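Work through the exercises below with the sequence and the model open. Each task is followed by a solution in steps.

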Amino acid sequence: MNRRTRHRRYQPLHLAGWLFADLLLVLALVAMGDQGDPVKAAEGARPSPAAPAEGKAKEKKAKPKGPRAVHRTPVKVSIAAARGDTDRIVRRLREVTAPHRGKHAAFVLTFGHHRDPGSGGEYASRVNALLGKARPDMFDGATTRDFWKGGAAGSADLEIYFYTY
């Protein structure tokens, strides 16, 4: 075997630079895809036209413009009620969500407490089924997921992710 054939052999180490460049490109595309639309955001930031003369009807609250998103930080609440006590579960849900009236939930993660994973998941499912009864305007169309969390039965932790507007 002469020198020329030995140097023409395939060596994967030469592709490492290209692989790194391709991965960097993919990472950049993913990062750009995570961003909102800057044109729509700029349109929403523009001031509204001048208010009508004094004595006329009050100016209506401007509707937000631009893409609607989901807050990254959830609102965490807890309830405690026996599994069969539907009225208490609904009442507790209304109490813990009262400070967030007017908001619309995108999705809710519910963690049912119980020593048994099956029973904990069933409790979480029961709580999620009652969200619409407690606050139909807040949870209409929200995606829910049931989870189990160890502990004493009869309580649940909820993580509610609201839309930005």
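**Exercise 1. The largest pocket**

How much space lies in the largest pocket? Then list its lining residues and sort them by class.

Solution. The model is a predicted one. Step 1: the space in the largest pocket comes to about 220 Å³. Step 2: its lining consists of Asp34, Gln35, Gly36, Pro67, Arg68, Ala69, Val70, Arg72 and Thr164. Step 3: sorted by class, the lining gives 3 nonpolar, 3 polar and 3 charged residues.

**Exercise 2. The sheet**

Determine the strand order of the sheet and identify its edge strands.

Solution. Step 1: the sheet is open, has 4 strands in the order 1-4-2-3, and its pairing is mixed. Step 2: strand 1 (75-80) and strand 3 (143-149) each pair on one side only, which makes them the edge strands. Step 3: from one strand to the next, the twist averages 20°. Step 4: strand 1 and strand 4 (residues 155-162) run antiparallel and are joined by 6 bridges. Within this part of the sheet, Val77 stands opposite Leu158 of strand 4.

**Exercise 3. Helices across the sheet**

Which strands does helix 4 lie across, and which does helix 5 lie across?

Solution. Step 1: helix 4 (residues 86-97) lies across strand 1 and strand 4, at about 150° to strand 1. Step 2: helix 5 lies across strand 1, strand 2 (105-113), strand 3 and strand 4, and runs at about 150° to strand 3.

**Exercise 4. Asn128**

Is Asn128 buried or exposed? Locate this residue and list its contacts beyond four places in sequence.

Solution. Step 1: Asn128 belongs to helix 5, which spans residues 117-134. Step 2: its relative accessibility is 8%, and the cut-off for buried is under 20%. Asn128 therefore counts as buried. Step 3: with neighbours within four places in sequence left aside, the contacts of Asn128 are Val108, Thr110, Thr144, Arg145 and Asp146.

**Exercise 5. His104**

Place His104 in the chain, classify its accessibility and describe its surroundings.

Solution. Step 1: His104 sits in the loop between helix 4 and strand 2. Step 2: its relative accessibility is 23%, so His104 counts as partly exposed. Step 3: residues up to four places away in sequence are not counted; His104 then touches Arg68, Asp137, Met138, Asp140, Phe162 and Tyr163. Step 4: for the pair His104 and Asp140, the separation is 36 residues in sequence and 7.8 Å in space, C-alpha to C-alpha. Arg68, one of the residues touched by His104, is also in the lining of the largest pocket.

Definitions and conventions. Residues are numbered from 1 along each chain as its sequence is written. This is a predicted model: local features need pLDDT of at least 70, side-chain atom pairs count only at pLDDT 80 or more; totals for chains, interfaces and linings use all residues. Side-chain values use heavy atoms; hydrogens and water are left out. Helices (H or I, at least four residues) and strands (E, at least two) are DSSP runs, numbered from the N terminus. Buried means under 20% relative accessible area, exposed over 50%, partly exposed in between (1.4 Å probe, protein chains only). Contact means heavy atoms within 4.5 Å. On a 1 Å grid over the protein atoms alone, a cavity is a set of points where a 1.4 Å probe fits but cannot get out, and a pocket is an open set with protein on both sides within 12 Å along at least five of seven lines; lining residues have an atom within 4 Å of a point. Grid points are joined across faces, edges and corners, and a volume is the space filled by probe spheres set on the points. Ala, Val, Leu, Ile, Met, Phe, Trp, Tyr, Cys and Pro count as nonpolar, Asp, Glu, Lys and Arg as charged, and the others, Gly among them, as polar. Two strands pair if DSSP finds at least two bridges between them. Axes are lines fitted to C-alpha atoms, for helices over the stretch in contact, and angles run from 0 to 180 degrees between N-to-C directions.
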